[in-house]
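User: I'm new to this structure and would like to understand the words used for it. Could you take me through the reasoning?

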Amino acid sequence: MMIGMQPEVLSGLIGFGGALVGGAASFGGVWLTLSHQRKLAREARLAEIGQEAADRALSELITLGEFLASVRSDVATLPTDERASYLDTVFGHMENVERAVARIPNRELRDRMKSLLIVMRRFRAAGVRHFFAVSWLAELTDEQTDLLSAYIRSDPLPSLSERTEEKQRRAAQHELNQRRRVELMQDPDPANVDPREEDNTSSPS
């Protein structure tokens with residue numbers, strides 16, 4: 001029983017208990033310090049990865065912008081379709097940008113860049129000639145360049161320009177129109193079907 005303990009034993013137990021408490025507190029402090037250091041190291045690594053990826057994507061966009069400025073007028077006057085040879089170079093740079101942006105830890109930037117790349121692929125909404133498609137692609141390239149530059153500078157991401165928002169609306173409307181055309185070809189309106197084309201087996205015998 002505690003009552004019968006010698007003072008020396010009691011003092012030793014108290015000291016041992018204090019050592020345990022102190023050791024636990026010390027261990028907890030070390031653990032918190034290490035956890036904080038790991039968090040800082042992870043954040044620093046993500047920032048480094050994001051910077052490298054943004055630099056890579058920005059380099060691709062600058063090269064793409066220079067290429068689009070060099071597209072010859074005889075190409076630009078062709079009817080808008082997927083066969084123009086310059087598009088191979090354009091899509092190659094866009095794919096490189098997409099791969100680089102996927103490594104950037106900033107989700108807002110990734111989402112906005114992805115949406116702009118989608119609109120770039122809807123270049124047919126620009127008009128009937130590649131002249132309009134080239135302008136469409138070049139302006140969206142500039143928009144993405146501004147976004148990435150702001151991220152690299154650690155500035156707030158700029159709002160989309162009115163010109164780009166209009167492109168988004170036109171791209172969405174163009175896609176809707178294309179879908180409706182396909183649906184009309186595949187599923188004609190029953191009201192427009194000639195009754196003589198209906199299955200004779202549906203008539204009473």
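**Helix pairs and ring pairs**

Analyst: Happy to! This is a predicted model. Let's start with helix α5 and helix α6 (residues 162–186), which pack with their axes 10 Å apart at an angle of about 125°.

User: Why are α5 and α6 called oblique to each other?

Analyst: Roughly perpendicular ends at 115 degrees and roughly antiparallel begins over 145. The angle of about 125° fits neither class, so α5 and α6 count as oblique. Their crossing is left-handed. In the contact, W136, E139, L140 and E143 of α5 meet R163, T164, K167, R170 and A171 of α6. Sorted by class, these are three nonpolar, one polar and five charged residues.

User: What makes α4 and α5 roughly antiparallel?

Analyst: The axes of α4 (residues 107–120) and α5 (residues 130–152) cross at roughly 170°. That is over 145 degrees, so the pair is roughly antiparallel.

User: How do you know that the pair of F91 and F123 is tilted?

Analyst: The ring planes stand at 50°, between the limits of 30 and 60 degrees, so the pair is tilted. The ring centres are 6.2 Å apart, and pairing needs them within 6.5 Å.

User: And why is F123 called buried?

Analyst: Buried means under 20% relative accessible area, and F123 has 0%, so the word applies. F91, with 22%, is partly exposed.

User: What makes the pair of F131 and F132 edge-to-face?

Analyst: The planes of F131 and F132 are 80° apart, and over 60 degrees counts as edge-to-face.

Key
Residues are numbered from 1 along each chain as its sequence is written. This is a predicted model: local features need pLDDT of at least 70, side-chain atom pairs count only at pLDDT 80 or more; totals for chains, interfaces and linings use all residues. Side-chain values use heavy atoms; hydrogens and water are left out. Axes are lines fitted to C-alpha atoms, for helices over the stretch in contact, and angles run from 0 to 180 degrees between N-to-C directions. Helices (H or I, at least four residues) and strands (E, at least two) are DSSP runs, numbered from the N terminus. Angles under 35 degrees count as roughly parallel, over 145 as roughly antiparallel, 65 to 115 as roughly perpendicular and the rest as oblique. A crossing is left-handed if the near helix is turned anticlockwise from the far one by less than a right angle, and right-handed if clockwise. Contact means heavy atoms within 4.5 Å. Ala, Val, Leu, Ile, Met, Phe, Trp, Tyr, Cys and Pro count as nonpolar, Asp, Glu, Lys and Arg as charged, and the others, Gly among them, as polar. Rings of Phe, Tyr and Trp (its six-membered ring) pair if their centres lie within 6.5 Å; planes under 30 degrees apart count as stacked, over 60 as edge-to-face and the rest as tilted. Buried means under 20% relative accessible area, exposed over 50%, partly exposed in between (1.4 Å probe, protein chains only).
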